[in-house]
Amino acid sequence: MGSELKKPEIKFTKLFINGDFVDAVSGRKFETIDPRTGDVITMVAEGDKEDVDLAVDAAREAFDHGKWPRLTGFERGKIMMKFADLIEQHVEEIATLDALEVGKLFLLNKLYDVPSSADMLRYFAGAADKIHGQTLKMSGAMHGYTLKEPIGVVGLIIPWNFPAAMFFFKVAPALAAGCTMVVKPSEQSSLSALYIAHLAKQAGIPDGVLNVVSGFGPTAGAAIASHMDINHGEVCVAASRFYVQEGIYDEFVEKAVASVKYLKIGDPFDPEVHQGPQANKKQFERILGCIEQGKKEGATILTGGKAWGEKGYYIEPTIFADVTEDMVIAKEEIFGPVMSLMKFKTIEEAIQKANNTKYGLAAGIVTKNLDIANRMSRSVRAGNIWINCYSALDRNLPFGGFKMSGFGKDLGIDSVEKYMQIKAVVTPLYDSPWL
């Protein structure tokens with residue numbers, strides 16, 4: 001259905017540095033691929049270390065001498081509100097680019113991802129004039145207080161799974177704090193980030209405040225991560241490991257397999273489709289490799305396990321049983337439609353198994369027992385715990401993981417903190433009637 005209909009004009013494919021779209025210094029470009037077909041959508045400028053240096057220089061100039069950090073929070077907030085309005089006015093274009101480039105369902109992009117990005121901007125716009133330090137009561141005849149100041153130039157590396165939304169997970173609180181930034185979108189999802197940069201300029205974000213360098217992780221990403229003039233932060237979430245109490249395991253398996261049969265795979269522009277293609281060929285092949293590894297290690301496929309269709313990067317929803325903690329499908333992040341089912345007997349065993357991972361972004365607990373819910377939520381080492389629900393994200397709620405799942409928080413007022421630095425100021429008090 002959608003493959004022939006949704007081929008929009010691609011307006012922005014160059015790097016966005018200091019308020020202008022420019023070619024990469026090297027002149028190199030890379031292909032961005034339509035995962036529905038494997039065809040080339042367009043060529044995108046390939047940024048490298050030299051381009052990152054230029055972007056950082058622009059961001060540093062905008063921070064050290066520009067007006068953005070020196071505006072009042074209220075003034076920054078007004079510009080961010082205008083930015084949000086422009087995002088909302090161009091929902092269709094942004095939603096189309098993300099569906100076209102990474103296979104995300106167009107309808108979900110249009111109804112949720114992009115509108116929620118605009119709302120996120122508004123949320124942090126409202127926070128921009130509410131960033132305050134504290135007055136401190138010191139032990140001696142001294143007056144102390146803290147100032148919260150923007151940390152400077154920040155490097156923001158965006159994944160491909162929620163391109164527009166994740167862009168604003170990082171950019172919105174950084175803008176509210178008064179920082180300037182260099183953003184590197186995933187090479188699989190550059191187009192919406194470049195389009196959004198164009199809207200930022202229209203909204204009145206000053207040149208150099210928001211720079212977007214498209215390119216690859218080992219080059220552009222590594223240059224951002226190692227640049228001495230940047231401050232860094234990082235913080236994805238799929239319910240892939242299921243621990244099911246042994247008493248209901250067989251019934252759960254039966255219902256899980258039955259539920260998959262109703263899922264429709266296909267073109268993400270088709271409103272009746274539940275699952276689109278994987279974002280790119282590399283990820284497609286990696287997921288199939290994990291599935292094959294699961295078979296070799298002794299797990300049992302209950303359904304799926306193969307590529308779907310004659311073209312594009314589609315994979316059948318796959319459910320494994322008889323999975324153990326030492327298997328690759330249980331230990332590694334797969335980022336694909338693969339579920340691993342494992343049994344547990346006691347709550348102690350469930351806690352031990354849940355924590356037996358190097359990751360700790362999110363966990364879901366399903367129970368009717370409040371005591372078990374409280375015990376599990378306190379014991380499982382993950383940054384987000386959902387009880388009798390899953391993936392309940394909100395701009396008010398901090399989002400970020402423990403262990404190898406990153407540091408710092410996105411979303412919520414807490415996320416502004418990682419873009420601030422605290423300065424403590426002390427002055428002596430003379431002849432004060434109060435200490």
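**Sheets, rings and cores**

Visitor: In what order do the four strands of the open sheet stand?
Guide: Strands here are DSSP runs (E, at least two residues), and helices are runs of H or I with at least four residues, both numbered from the N terminus. Two strands pair if DSSP finds at least two bridges between them. This open sheet has four strands with mixed pairing. Their order is 11-16-15-12.

Visitor: What kind of model is this?
Guide: Residues are numbered from 1 along each chain as its sequence is written, and side-chain values use heavy atoms, leaving out hydrogens and water. Local features need pLDDT of at least 70, side-chain atom pairs count only at pLDDT 80 or more, and totals for chains, interfaces and linings use all residues, since this is a predicted model.

Visitor: Back in the sheet of four strands, which strands stand at the edges?
Guide: An edge strand here has a single partner strand, so one side of it is left without a neighbour in the sheet. That description fits strand 11 (241-245) and strand 12 (300-303).

Visitor: Which residue is the bridge partner of tyrosine 243?
Guide: Strand 11 runs parallel to strand 16 (residues 338-344), and five bridges join the two. On the strand 16 side, tyrosine 243 is matched by methionine 342.

Visitor: How many bridges join strand 6 to strand 21?
Guide: Strand 6 (residues 142-150) is joined to strand 5 (residues 135-137) by three bridges in an antiparallel pairing, and the two form a hairpin with four residues between them. In that pairing, threonine 135 has tyrosine 145 as its partner. Strand 6 also runs antiparallel to strand 21 (residues 420-428), where proline 150 is partnered by methionine 420. The number of bridges between strand 6 and strand 21 is nine.

Visitor: Let's turn to the rings. How many aromatic pairs does the structure hold?
Guide: Rings of Phe, Tyr and Trp (its six-membered ring) pair if their centres lie within 6.5 Å; planes under 30 degrees apart count as stacked, over 60 as edge-to-face and the rest as tilted. By that rule, the number of aromatic pairs is 14.

Visitor: Are phenylalanine 12 and phenylalanine 21 stacked or edge-to-face?
Guide: The centres of these two rings are 4.8 Å apart. Their planes meet at 20 degrees, so the pair is stacked.

Visitor: What is the relative accessible area of phenylalanine 21?
Guide: Buried means under 20% relative accessible area, exposed over 50%, and partly exposed in between (1.4 Å probe, protein chains only). Phenylalanine 12 counts as buried at 16%. Phenylalanine 21 is partly exposed, at 28%.

Visitor: How many residues apart are phenylalanine 83 and phenylalanine 168?
Guide: Their ring centres lie 5.6 Å apart and their planes are at 65 degrees, so the pair is edge-to-face. The pair links distant parts of the chain, with phenylalanine 83 in helix 3 (residues 73-89) and phenylalanine 168 in helix 6 (residues 163-177). Both residues are buried. In sequence, the separation is 85 residues.

Visitor: Which tyrosine belongs to the aromatic cluster with Phe12?
Guide: Phe12 shares one aromatic cluster with Phe16 and Phe21. The tyrosine in this cluster is Tyr195.

Visitor: Which residues touch the most other members of the largest nonpolar core?
Guide: A nonpolar core is a set of buried Ala, Val, Leu, Ile, Met, Phe, Trp, Tyr and Cys residues joined through side-chain atoms within 4.5 Å. The largest one has 66 residues. The members touching the most others are Phe83, Ile87 and Leu175.

Visitor: Which element gives the largest share of this core?
Guide: Several elements each supply at least two residues, including helix 3, helix 5 (106-127), helix 7 (191-203) and strand 7 (153-157). The largest share, 12 residues, comes from helix 6.

Visitor: How many residues are in the second core?
Guide: This core is separate and includes Ile329, Met342, Phe344 and Ala354. Its size is 26 residues.

Visitor: Which residues are in contact with threonine 37?
Guide: Threonine 37 lies in the loop between strand 3 (29-34) and strand 4 (39-45) and counts as buried at 18% relative accessibility. Contact means heavy atoms within 4.5 Å. Leaving aside neighbours within four places in sequence, threonine 37 is in contact with Lys311 and Gly312.

Visitor: How far apart in space are glutamate 333 and serine 415?
Guide: Glutamate 333 is in the loop between helix 11 (328-331) and strand 16, and is partly exposed at 27%. Serine 415 is 82 residues from glutamate 333 in sequence. From C-alpha to C-alpha, the distance between them is 24 Å.
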